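Work through the exercises below with the sequence and the model open. Each task is followed by its solution in steps.

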Amino acid sequence: MLNLVLFGPPGAGKGTQSENLINKYNLTHISTGDLFRKHIGEKTALGKTAQKFMDEGNLVPDEIVIGMVDDKIHSTSNTNGFIFDGFPRTIAQAKALDALMAKNNTQINTMLALKVSEEELMKRLLNRGKTSGRIDDQNEEKIRNRINVYNNETTPVANYYASQQKLNSVKGVGSIEEIFESLSKIVDTHL
Ligand code: B4P
């Protein structure tokens, strides 16, 4: 199995690059953001809880996120591997993911971390906010909070993978094709 963590601040291009990676390597996509938005759309109890945190740009509590990912892994069969997009976002989530992988007799092969300046992130997310309908993309204050939450709560996750020699940083600025090529070169070394 090939299991990848795609990491980076909000607006770094995780969702965008995931699509390309899934197609090339035939992986199962687990985007916690997408899963929450699906729950919100379906008005489930989990969706109602998650929405309060997401609309303000805060993280959804770990136990909710981890339970949802566990369910998604369990309900997937016959896969070449997973791409985790936007997960893990805390050390507790990273440890839980290692445990979930071990329970399934597999492991995370590598983390791909997209690097983008805060100025560029702000530009991309405000731009997406014009069409996405996402409340968390629609004003500078909310986006600033998401970036602060990333800096304070999520960046330690990169160190967690660095300590396992699994961290690969990739420049996330440039054309989508160029960035995809850089990511693919790293993934190819794990095939
Ligand atoms: P996510 O859905 O993960 O959203 P995101 O961080 O904004 O990244 P996304 O993948 O959507 O954007 P992308 O960078 O591809 O999270 C949303 C919220 O859900 C979080 O704030 C949190 O509340 C909650 N949540 C999710 N996971 C959680 C977890 N594990 N724990 C706790 N809470 C969790 O793209 C952004 C824009 O940039 C797009 O418009 C794209 O077109 C553009 N773009 C991409 N690549 C580009 C490039 N190379 N050049 C120019 N523009 C580019």
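**Exercise 1.** State how the residues lining the largest pocket divide by class.

Solution. The lining divides into 14 nonpolar, 16 polar and 11 charged residues. Here Ala, Val, Leu, Ile, Met, Phe, Trp, Tyr, Cys and Pro count as nonpolar, Asp, Glu, Lys and Arg as charged, and the others, Gly among them, as polar. A pocket is an open set of points on a 1 Å grid over the protein atoms alone where a 1.4 Å probe fits, with protein on both sides within 12 Å along at least five of seven lines; lining residues have an atom within 4 Å of a point. The model is predicted: local features need pLDDT of at least 70, side-chain atom pairs pLDDT 80 or more, while totals for chains, interfaces and linings use all residues. Residues are numbered from 1 along each chain, and side-chain values use heavy atoms, without hydrogens and water.

**Exercise 2.** Which residues lie nearest the centre of the largest pocket?

Solution. Lys14, Arg89, Arg128, Arg134 and Arg146 do, out of 41 lining residues. Helix 1 gives the most to this lining, with 6 residues; helices are DSSP runs (H or I, at least four residues), numbered from the N terminus.

**Exercise 3.** Locate the ligand and find its oxygen contacts with arginine side chains.

Solution. First, the ligand takes the space of the largest pocket, as more than half of its atoms lie within 2 Å of the grid points. Next, a ligand oxygen is 2.8 Å from an N or O atom in the side chain of arginine 37. For arginine 134, the corresponding distance is 3.3 Å.

Conventions: A polar contact is a pair of N or O atoms within 3.5 Å; within protein, one must be able to donate a hydrogen and the other to accept it, and residues adjacent in sequence count only if both atoms are side-chain atoms. Helices (H or I, at least four residues) and strands (E, at least two) are DSSP runs, numbered from the N terminus.
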